[in-house]
Structures are given as structure tokens and as C-alpha cells.
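Here are some short exercises to work through with the structure open. Try each task before you read its solution.

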Amino acid sequence: MRQTRRHTRRPAGAAAAPTPGGPDLAAVHDAATGGELPADGRPEAGPRPEIGDSWARLRRLGLDPDRGAAAVHLGPAEVEHRRRASGLDEVIGILRDSLLDSTGDCPLILAIADAEGHVLWHEGERQLRRSADRIGFLIGARWVEENVGTNGIGTALRAGRPMQVHSAEHYLRSHHAWTCFAAPVHEPRTGRLAGVINISAPARHARPYLLQLTMTAARLAEAELRARRLEALHQLRTVATPLLAKVNGPALVVDGDGWTAAATGLPPTDRLRLPAEGWGSAAVHWLPSLGECAVEPLADGWLVRPVRSPGQSAPGDRSGVSEQTEGARLRLDLRRPDRPELSVEGAAGTWSHGLSPRHAELLLLLATHRDGRSAAQLAEALFGDPARTVTVRAELSRLRRYLGGLLAHRPYRFAPTVTVGVAGPDDPYDLLPGSTAPAVRRLRSRLAAGTVRLPAPPDVARPPAPVRPPEVTVHPDGGHPPVLARPRVS
């Protein structure tokens, strides 16, 4: 009989919080930022792994723990634009009421940042906010690790999970009087990162429950966003239903992100995988699940009608789609830590799909092991435990729902006819930085040492990169900002 292990999941940093004002942590910080290792080499002599990784990265970038880098601030108009674009303006009221009124006598600041780390809201006790202003923690500031070191917002963005950064765990010494608790918020329709909720408090007043409170607030924000999106989809459905009753043949109506509002004559589907390059001006597009479709704009969505000529497979029959895997090119884009993406180009069309952190890990492992891996080998690589095959098989089953014939099994591998490549970040340590999988951590080290290389990415059509608005850069001391060296992998 196989023994099963019970794995208790707990938030990163929740149980490992140092005691406020601990002198040992400050000493470890001074040693680490000075390039020294703990004297006895014991794990408990150093910071937590996620904090230690952040410190090491910032030292490689050349960030000064006393001065930081150039401050980045957005103007009022750009802040207001980003508030609306993030969608979090719809939930700020409920977050304010839930957090600022539920912490008793613990003074704190509630801050909400967008997906790029710009602080869009900053509320709390007036005197406390004045103290935060003195270290540059104010509306419009960009609070990412490259500018202000290890901190709640920037480290949660980089790791992609809830984080606590206590006192001397902050890289900048000017932040050691604070403790930060942060949790990412994802847009429920697309899964994309919408922003980060952060609670900051004086280190001496920090309480362990604040991390759980922050995580609950993030889930509350996602639930509120989901309710509002469902209401929008319902409104689209009221327009679509009478229209579809007049359409001759199979059709469906989807919103701008591909979620189905109504359908007729087609198997039920929750969401369409939209073309990587967008709809454009063409009237006919190829979609992975339906083949060639005529697409027309409708209210806040699209009317999609499969086009089927004699001899073609019927809508919903994936046999015709599977044939398109012959000679397909797959690109795993991991250049942005917060937005891993998969792009596929075949004979019939191009499409893209945003990836969850777990799916990005699995696809990276399969891309670097084209001969394939068993479920036990993947479980060992992800969790250090070959017995966790149930979790691996469940995730791979979800992947095959949209990869289809691109992904073979027994062992799990990409089909031999598929060209696979990985677009990685400039710094090897930015490769899936939130991953603690043993195989991913080994791969980072080997990439940095130059002993391995990622498979070269194929030339897959991609949507244009968004144009970032201009930012005002001001150094806090009025001088020139330090140069941050970023090692590159050839």
C-alpha cells in the first residue's frame, strides 16, 4: 500500500516572521548587503529563501542599500488613468471599509498598486502617511525592487504570491522601521495581474494576522471584480439571445476577452482562445477550437460564426484542429515575471494563452527535456516528491485542453513535429522568480553559470508590445542615479 503524505499549505512568510526589532536580522542584513555569508552557514543564520534571493539579486544589480535608485513618479493625470485601467477603482470602496475599520488599535496604511508597481491609492492615519512620505511611499511612486529594494509590493509582484517583508528584511535601511504585507489581485476573466494590495505598519506594531487579512482582502477584490464582470456578461447575453435566434446556422457571442455570453448549434464552451494578434480588420479568423470563423462586432462583444465548406470537419470536432499541429511552432515567453505566455503558430493560424505559474513551470520543464518526463519525474522536479503524481496529472490534463495534439503523453512531451523555444529574461535569476521548484532553481543556477542554454524561441507572430507612458525620474539626493548592471545570458 502506498503511503500518502499530507502537505500543509501556508502563505509564504506567514510562520517565519522575525520578532520586531530583532538585532540578529539587522546583523544578517548588514553582512549580506556587504557581500558576507553567515559565519556558521546554517540556514537559520540567514534570511528566508525568498528574502535572500531578493537581496542577492539586488546586490548583483548594484542597488545601494543606503540610497536606493532613482525615484519614479507618475503625474496626477496618469495616476487617474491607471486607476480606471486597472479596474481596481471598482473595489477601492469595499477595501477601504473592510481593512481600515477592522484592525483595531493597530495603525496602518492601505496602499494599492497596479501591475507595474505604481502606487495608485494610499490611505490611512495622517501622521503615519507623513512618515511614509519621507521614504517615498506615496501616490504615483513606483514601488518595485529595482527602485526601492525588497518590499511588500515589489516582492509580491516579482514572486507572484502573498508576501510579508518585516523590518530588516527590507533591502533599504531607511525601511527597517516598517513591516509590509502584500497580496496580488488577478482579473478574474483573463487571469492577468490587476495589481497588489498592501498593508504597511510600524514594525513594532506588526501583527501576524495582517498577512491573512491582506490575502482575504485580495480574494474579496477578485470576487467583487468577478461579480461585476458576470453582470457585464449578463447584459451582453440579453442583447445576444434574440440575435442568435435569427441567425441561420451555428454561432456564438463572446465578450472582448473571449468569454461566451450565448451560443446556438455548438457544443458548450466557456471561453474562446482569441488570436494572438487580435481581431484586426479581417472578417474571417482561425480559432483553435472552431477553425475558420466569420467575426462581426456586436455591442460590447463579438458575433462568431464558424465557416464550414464541404469536406471540412464539423464545429467542435477537434480532428481537423489536430492536423494543424504538424509543423507548428511554439514559443514559451518568460521574459515578464508577472505574465508568462504561450504562443502557437500553425498552418491555420496563430493564438496565444496566458499561463498560470504552475503551467509555466511544467511547460518550461518539458521544453528543456524534449525526450519527455514521466509524472513521477515531473513531481520530483516540481515538489521534490515523486509521489505527488496526482497533482501533476491533473495540471497536465488542464494543459491538454487547449494544447491538444501539441502535447503527447507516456511520457509527457511535446509532439516531435512541434518546434519549441523559450524566450527567457536577461537575468537568469528572473526566470520564473516566484518558483521554488527544485528543477527551476537548478536551471537558474546553470543558466547563470553558462553551462546550459534555453532552447532558442521560434519566430512566432506576437501582438505589439504596449507603449508605456513617460515617467518622471528624480533621484532623492538630487544627484545622478546609480547604474544598475544586469548580466545577460548569451
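**Exercise 1.** Find which backbone nitrogen the side chain of Ser435 reaches.

*Solution.* Start at the side chain of Ser435: it reaches the backbone nitrogen of Ala437 at 3.2 Å. That fits the cut-off for a polar contact, a pair of N or O atoms within 3.5 Å; within protein, one must be able to donate a hydrogen and the other to accept it, and residues adjacent in sequence count only if both atoms are side-chain atoms. Next, look for a side-chain partner: the side chain of Ser435 also makes a polar contact with the side chain of Glu361, at 2.5 Å.

Before going on, note that this is a predicted model, where local features need pLDDT of at least 70 and side-chain atom pairs count only at pLDDT 80 or more, while totals for chains, interfaces and linings use all residues. Residues are numbered from 1 along each chain as its sequence is written, and side-chain values use heavy atoms, leaving out hydrogens and water.

**Exercise 2.** Work out whether Ser435 is buried or exposed.

*Solution.* First, place Ser435: it sits in the loop between strand 17 (419-423) and helix 13 (438-449). Helices (H or I, at least four residues) and strands (E, at least two) are DSSP runs, numbered from the N terminus. Then check the cover: Ser435 counts as buried because its relative accessibility is 7%, and buried means under 20% relative accessible area (1.4 Å probe, protein chains only).

**Exercise 3.** Count how many residues of helix 10 are buried.

*Solution.* Go to residues 357-367: 9 of the 11 residues in helix 10 are buried. Among them are His359, Glu361 and Ala367.

Note on methods
Buried < 20%, exposed > 50% of the residue type's maximum accessible area, 1.4 Å probe, protein only.
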